[in-house]
Amino acid sequence: MDERLFHLINEQWTNSAFDLFMPLISYAEIWTPFFLLAAVALLIFGGFRGRAFVFCTAVALGLSNLAVDPVKHAIGRARPKQLQTVRLIELEKTRPMILTIFKKPHIRFSNAAERARSGASFPSGHTTNNTVIAICCTIFYRRWGKFYWIIAGAVAYSRIYLGAHWPSDVIATFFLSVGETLLILAFCELIWQKIVSHRLPELAARHPRLIPASTS
């Protein structure tokens with residue numbers, strides 16, 4: 001079922017719009033500057049909640065990514081293109097990279113030379129990062145934060161569409177990332193309650209919780 005679903009998404013459920021959109025949304029180098037600008041804006045203008053959000057998200061991303069490569073090496077699951085011929089999409093190289101949206105992507109099929117390239121398939125780093133961000137957005141910003149799940153879902157789907165991961169890689173990575181993120185956020189809150197509240201009582205009096213508890 002995993003293999004069949006992969007080939008449906010990668011080879012049959014395709015169209016020209018997705019051929020441009022999927023590699024674009026999956027290309028982290030394009031979007032990293034925008035995320036950094038958003039983080040700086042929240043640090044400056046976002047108040048305590050914005051600074052707490054940036055801090056917790058950065059900690060969650062850092063710690064969860066520390067586990068990605070060790071798990072990849074421990075499990076050693078091969079990527080689809082390392083085992084089979086799969087449909088690949090390559091963006092045109094432009095400077096700045098965002099201008100690639102105006103270029104037609106190159107579509108080809110993987111060959112035997114690529115079977116020794118790339119790392120292991122599970123877990124998916126892209127899915128890990130965007131699941132972490134989506135959970136943090138939801139917890140800190142509730143109603144508006146939930147919109148990030150659209151981006152996270154699109155990125156996760158793109159990893160299958162682009163032939164980088166099996167569907168089961170993406171699904172399992174999602175659950176793994178949810179567990180990791182909730183544990184990390186709980187740890188951050190524990191540090192705030194046990195250490196910061198004693199060292200900085202005035203700050204803790206104004207903000208008794210690092211992570212908002214209300215549903216507003």
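Start by selecting five helices together: helix 2, helix 3 (28-45), helix 4, helix 6 and helix 7 (148-161) each supply at least two residues of the lining of the largest pocket. Helices here are DSSP runs of H or I with at least four residues, strands are runs of E with at least two, and both are numbered from the N terminus. What you have open is a predicted model, in which local features need pLDDT of at least 70 and side-chain atom pairs count only at pLDDT 80 or more, while totals for chains, interfaces and linings use all residues. Residues are numbered from 1 along each chain as its sequence is written, and side-chain values use heavy atoms, with hydrogens and water left out.

**Stop 1: the pocket**

Stay with those helices and colour helix 3, which gives the most to the lining of the largest pocket, with nine residues. In total 28 residues line this pocket, and Phe 35, Leu 61, Asn 130, Ile 133 and Tyr 148 lie nearest its centre. Show those five as sticks to find the middle of a space of about 790 Å³. On a 1 Å grid over the protein atoms alone, a pocket is an open set of points with protein on both sides within 12 Å along at least five of seven lines, a cavity is a set where a 1.4 Å probe fits but cannot get out, and lining residues have an atom within 4 Å of a point. Grid points are joined across faces, edges and corners, and a volume is the space filled by probe spheres set on the points.

**Stop 2: the whole chain**

Now zoom out to the cartoon. The chain holds nine helices and two strands, in the order α-α-α-α-α-β-β-α-α-α-α from the N terminus on. Its C-alpha trace spans about 60 × 40 × 25 Å along the principal axes. Of the 216 residues, 42% are buried; buried means under 20% relative accessible area, exposed over 50%, and partly exposed in between, with a 1.4 Å probe and protein chains only. Among contacts between residues at least 6 apart in sequence, 76% join residues at least 24 apart, where contact means heavy atoms within 4.5 Å.

**Stop 3: the cavity**

Next, select Ser 64, Ala 67, Val 68, Val 71, Pro 123, Thr 128, Leu 176, Ser 177 and Glu 180, which line the largest cavity. The cavity has a volume of about 40 Å³, and a search of the whole structure finds one of 30 Å³ or more. Which helix gives the largest share of its lining? Helix 4 does, with four residues. Helix 4 (47-75) and helix 8 (167-199) each supply at least two.

Keep Pro 123 selected from that lining. Pro 123 sits in the loop between strand 2 (106-109) and helix 6, and the peptide bond leading to it from Phe 122 is cis, with omega near 0°.

**Stop 4: along helix 6**

Move on to Ile 139, in helix 6 (residues 125-145). Is Ile 139 buried or exposed? Ile 139 counts as buried because its relative accessible area is 17%. Beyond its neighbours within four places in sequence, Ile 139 is in contact with Leu 182, Leu 185, Ile 211 and Pro 212. Try a distance label too: the C-alpha atoms of Ile 139 and Ala 213 are separated by 8.4 Å, although their positions lie 74 residues apart along the chain.

Then pick Arg 142, also in helix 6. Arg 142 is not a glycine, yet has a positive phi of about 45°.

**Stop 5: helix 2 and helix 8**

Select Ser 26 in helix 2 (residues 16-26). Ser 26 counts as buried because its relative accessibility is 6%. Not counting residues up to four places away in sequence, Ser 26 touches His 126, Ser 158, Arg 159 and Leu 162.

For another stop, go to Val 196 in helix 8. With a relative accessible area of 19%, Val 196 is buried. Leaving out residues up to four places away in sequence, Val 196 touches Ile 191 and Pro 201.

**Stop 6: the N-terminal helix**

Finish at Asp 2, in helix 1 (residues 2-12). Asp 2 is partly exposed, at 21% relative accessibility. Setting aside neighbours within four places in sequence, Asp 2 is in contact with Arg 77, Trp 166, Pro 167 and Ser 168. Draw one last line from Asp 2 to Glu 202: these residues are 200 apart along the chain, and their C-alpha atoms are separated by 54 Å.
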